[in-house]
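This report introduces a structure to a reader who has not met it before. Please look through the sequence and the model shown here, and then follow the description below.

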Amino acid sequence: MFIILGHIALVIGVTGFFNPLVPAVPFILLAGTCYAKGSDRCHRWLLNNRFFGKTVRDWHEKRKISVAAWFAVIVSAAMTIGFIVWCLL
């Protein structure tokens, strides 16, 4: 069950890199947590991934995300709110 949930979270997280309405970082961290509980192989792959690995390692080791990842979350949230307001007007 954790592996399936991890795959779903990873797909949503990757979608978030290309779609400003979906935040990527929280879903990538969720995928890392699910993989840690469900599959050592998937978890190692995510930790060693050149795109997501540093963010997941920082979260698991230090329980914090980098300034760049935090900035990405804030920008994504601001764009989402701006898009919703623009659509409603």
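Lys-62 forms a salt bridge with Asp-58, the closest N and O atoms being 3.9 Å apart, where a salt bridge is a side-chain nitrogen of Lys or Arg within 4 Å of a carboxyl oxygen of Asp or Glu. The model is a predicted one, in which local features need pLDDT of at least 70 and side-chain atom pairs count only at pLDDT 80 or more, whereas totals for chains, interfaces and linings use all residues. Residues are numbered from 1 along each chain as its sequence is written, and side-chain values use heavy atoms, with hydrogens and water left out.

The structure holds two salt bridges, and the table lists them with their N to O distances.

| Salt bridge | N to O distance |
|---|---|
| Lys-54 and Asp-58 | 2.9 Å |
| Lys-62 and Asp-58 | 3.9 Å |

Lys-54, Asp-58 and Lys-62 are thus linked in a network of salt bridges. Lys-54 and Asp-58 both belong to helix α4, which covers residues 53-62, and they stand four residues apart, about one turn of the helix. Lys-62 and Asp-58 are likewise four residues apart in helix α4, so about one helical turn separates them. In general, side chains of opposite charge can pair when their charged atoms come close. Asp-58 is buried, with a relative accessible area of 10%, the classes being buried for under 20% relative accessible area, exposed for over 50% and partly exposed in between, with a 1.4 Å probe and protein chains only. When residues up to four places away in sequence are not counted, Asp-58 touches Arg-63, Lys-64 and Ser-66, a contact meaning heavy atoms within 4.5 Å.

Turning to the chain as a whole, there are five helices and zero strands, and from the N terminus on the elements run α-α-α-α-α. Helices (H or I, at least four residues) and strands (E, at least two) are DSSP runs, numbered from the N terminus. The C-alpha trace spans about 50 × 30 × 20 Å along its principal axes, and 33% of the 89 residues count as buried. Among the contacts with a separation of 6 or more, 52% come from residues 24 or more positions apart.

The largest nonpolar core has ten residues in all, namely Ala-9, Leu-10, Ile-28, Ala-31, Tyr-35, Cys-42, Leu-46, Leu-47, Phe-52 and Val-56. The elements that give two or more residues to this core are α1 (2-18), α2 (25-38) and α3 (40-48). Such a core is a set of buried Ala, Val, Leu, Ile, Met, Phe, Trp, Tyr and Cys residues joined through side-chain atoms within 4.5 Å. One core member, Phe-52, touches Leu-10, Val-14, Phe-17, Ile-28 and Leu-46, again not counting residues up to four places away in sequence.

How many disulfides are there? The count comes to zero disulfides, a disulfide being a pair of cysteine sulfur atoms within 2.5 Å. Cys-34 is in no disulfide, and the nearest cysteine sulfur, that of Cys-42, is 11 Å away. Cys-34 is buried, with a relative accessible area of 3%, whereas Cys-87 is partly exposed, with a relative accessible area of 44%.
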